[in-house]
Amino acid sequence: MPVKRRAVSALVLAETISVLGTRMTYLALPWFVLVTTGSPSKMSLVLAAEILPMAILGVPSGALVQRLGSRTTMLVSDLARAPILASIPLLYAAGILHFWLLLAIVALLGAFAPPYFAAQRTILPELVGEDETRMSQANSSIEGGNALAALLGPALAGALIPFLGAPNVLYVDAATYLVAFVLVLGFVPRRKAAAAAAQHGVLAGLRFLVSDKLLGPLAATITVFGFLAAGMSAGLPVYAYDEFHGSSWIAGLFYAALGAGAVVGSVLAVFVVRKVPPLRLAAFGILAFSIPLWVLPFLPPWPVVVGALFLATLFTPLVNGPTLGVLTARTPVDLRPKVMTAAISANTLAAPLGFIVAGQVLERWGVVPLFAAVVLGITWMAILFAAITWRHSDGEPMAELAVT
């Protein structure tokens with residue numbers, strides 16, 4: 001048991017450090033594009049290029065996770081992403097970072113995200129056992145680490161960009177992947193890949209989701225969520241850039257508020273998940289998430305935006321951690337990697353289109369129409385999501401895909 005606790009702690013720490021750098025890049029990369037091109041549509045294309053491989057490669061990457069094993073997949077992903085990300089500031093400094101090359105590098109970087117995420121979640125049962133509550137708590141711990149990094153990363157990036165420049169902040173992110181690699185290599189025990197992997201086709205995880213009368217409708221709902229969330233993500237840096245005199249630290253505060261809410265919500269989720277059925281908790285969380293976002297179309301002062309984003313993401317761990325635990329526990333062991341990557345694909349399928357559409361809306365009409373459409377869509381999807389989960393709360397499990 002102490003070995004397992006150390007392994008879980010190492011996973012949480014590795015993920016926290018890695019996400020810290022990733023969240024810095026989440027601000028630094030679009031800010032870099034905005035500053036150098038002045039084009040929201042080009043910024044949106046870069047964001048879409050990173051998400052697109054997650055949607056396209058998500059399902060087939062499950063076979064890779066099964067073949068290599070969860071631990072090896074995580075190690076390979078971290079070790080590969082470090083030099084890929086570091087190449088962006090290197091090429092920029094050399095004066096040869098053409099826009100098409102930036103898109104290609106960002107797309108290559110995004111290709112490693114689906115297998116890493118699936119491997120991170122499928123390794124948890126090996127460390128904590130098959131109990132739903134323990135897996136929900138472990139998932140909530142990882143969510144908490146992610147949220148803490150999401151709180152600190154953008155704020156740190158917003159403070160560093162004026163001193164280091166947006167491209168140089170990407171070096172820090174590259175280093176975090178190497179730190180995560182060392183933590184997993186040193187503290188997470190080696191496990192054998194699932195023996196039954198060859199018995200299932202590449203699309204087995206997708207078929208498992210679609211054939212279930214609960215998971216199929218939820219996957220469709222979450223696909224729309226991915227489209228809408230991408231629009232909000234594209235709008236926030238443009239809002240800060242246009243309305244607050246190009247202030248990177250205000251943009252950092254927006255993203256830090258998202259992380260801060262999730263940190264508090266993750267602490268709450270670890271305790272609440274023991275007492276409230278996961279499906280009902282998710283239904284409540286998704287509805288509460290949508291309500292504070294209604295202030296965005298009115299373009300209030302930035303402190304109001306920070307408060308609204310904080311309140312919204314306060315409820316996301318009440319959806320994410322518990323329901324990921326349920327999905328993991330209710331999925332056959334030999335299908336877990338493929339189901340997880342299929343779930344990621346459903347979540348990210350429409351995100352590239354969301355970024356592209358948002359970029360065009362921002363170029364032509366600005367942030368007000370974008371925020372209005374996004375908030376209205378999120379509210380309707382939250383109602384539908386809650387209705388589906390509440391209808392099944394007394395019987396069947398649900399699958400969950402991140403809502404932010």
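The following questions and answers concern a predicted model.

Reader: In which helix is the place of Leu 85, and is Leu 85 buried or exposed?
Author: Leu 85 belongs to helix H3, which covers residues 70-93. Its relative accessible area is 1%, and buried means under 20%. Leu 85 in helix H3 is therefore buried.

Reader: Which residues does Leu 85 touch, not counting residues up to four places away in sequence?
Author: Residues up to four places away in sequence are left out of this list. With that restriction, the contacts of Leu 85 are Thr 25, Leu 109, Leu 170, Asp 173, Ala 174 and Tyr 177.

Reader: What distance separates the C-alpha atoms of Leu 85 and Leu 108?
Author: Along the chain, Leu 85 and Leu 108 are 23 residues apart. In space, the separation of their C-alpha atoms is 9.4 Å.

Reader: Is Ala 86 buried or exposed, and which residues does Ala 86 touch?
Author: Ala 86 is also placed in helix H3. Its relative accessibility is 14%, so Ala 86 counts as buried. Not counting residues up to four places away in sequence, Ala 86 touches Tyr 171 and Ala 174.

Reader: What distance separates the C-alpha atoms of Ala 86 and Val 169?
Author: Ala 86 and Val 169 stand 83 residues apart along the chain. The distance between their C-alpha atoms is nevertheless given in space, and the value is 9.7 Å.

Reader: How many salt bridges does the structure hold, and which residue forms a salt bridge with Arg 81?
Author: The structure holds 1 salt bridge. Arg 81 takes part in a salt bridge whose closest N and O atoms are 3.0 Å apart. The partner of Arg 81 is Asp 78.

Reader: Why are Arg 81 and Asp 78 separated by about one helical turn?
Author: Both residues are buried. Arg 81 and Asp 78 are about one helical turn apart because they lie 3 residues from each other in helix H3.

Reader: Over which ring does the charged end of Arg 81 sit?
Author: Besides its salt bridge with Asp 78, Arg 81 has its charged end over an aromatic ring, 4.6 Å from the ring centre. That ring belongs to Tyr 116.

Reader: Over the face of which residue does Lys 42 lie?
Author: Lys 42 is placed 5.4 Å from a ring centre. The ring in question is that of Phe 99.

Reader: How many aromatic pairs are found, and how are the planes of Phe 32 and Tyr 92 arranged?
Author: The whole structure contains 9 aromatic pairs. In the pair of Phe 32 and Tyr 92, the centres are 5.0 Å apart and the planes stand at 85 degrees. Planes over 60 degrees apart count as edge-to-face, so the arrangement of this pair is edge-to-face.

Reader: Which helices hold Phe 32 and Tyr 92, and is each residue buried or partly exposed?
Author: This pair links distant parts of the chain, 60 residues apart: Phe 32 is in helix H1 (residues 2-37) and Tyr 92 in helix H3. The relative accessibility of Phe 32 is 7%, so Phe 32 is buried. Tyr 92 has a relative accessibility of 40% and is therefore partly exposed.

Reader: Which residues form one aromatic cluster?
Author: Four names belong to this cluster. They are Tyr 239, Phe 244, Phe 254 and Phe 371.

Reader: Which helix gives the most to the nonpolar patch?
Author: The patch, of about 500 Å², is made by Leu 287, Trp 294, Leu 376, Trp 380 and Ile 383. Leu 376 is partly exposed, with a relative accessibility of 43%. The greatest contribution, 3 residues, comes from helix H17.

Notes. Residues numbered from 1 in each chain as written. Predicted model: local features only at pLDDT ≥ 70, side-chain atom pairs only at ≥ 80, totals over all residues. Heavy atoms only, no water. Helix = DSSP H or I, 4+ residues; strand = E, 2+ residues; numbered from the N terminus. Buried < 20%, exposed > 50% of the residue type's maximum accessible area, 1.4 Å probe, protein only. Contact = heavy atoms within 4.5 Å. Salt bridge = Lys/Arg side-chain N within 4 Å of Asp/Glu carboxyl O. Phe/Tyr/Trp six-rings, centres within 6.5 Å; stacked < 30°, edge-to-face > 60°. Lys NZ or Arg CZ within 6 Å of the ring centre and 35° of its normal. Patch = residues over 30% accessible without salt bridge, like charges linked within 9 Å, V, L, I, M, F, W, Y side chains within 5 Å. Areas by Shrake-Rupley, 256 points an atom, 1.4 Å probe, with all protein chains shown as cover.
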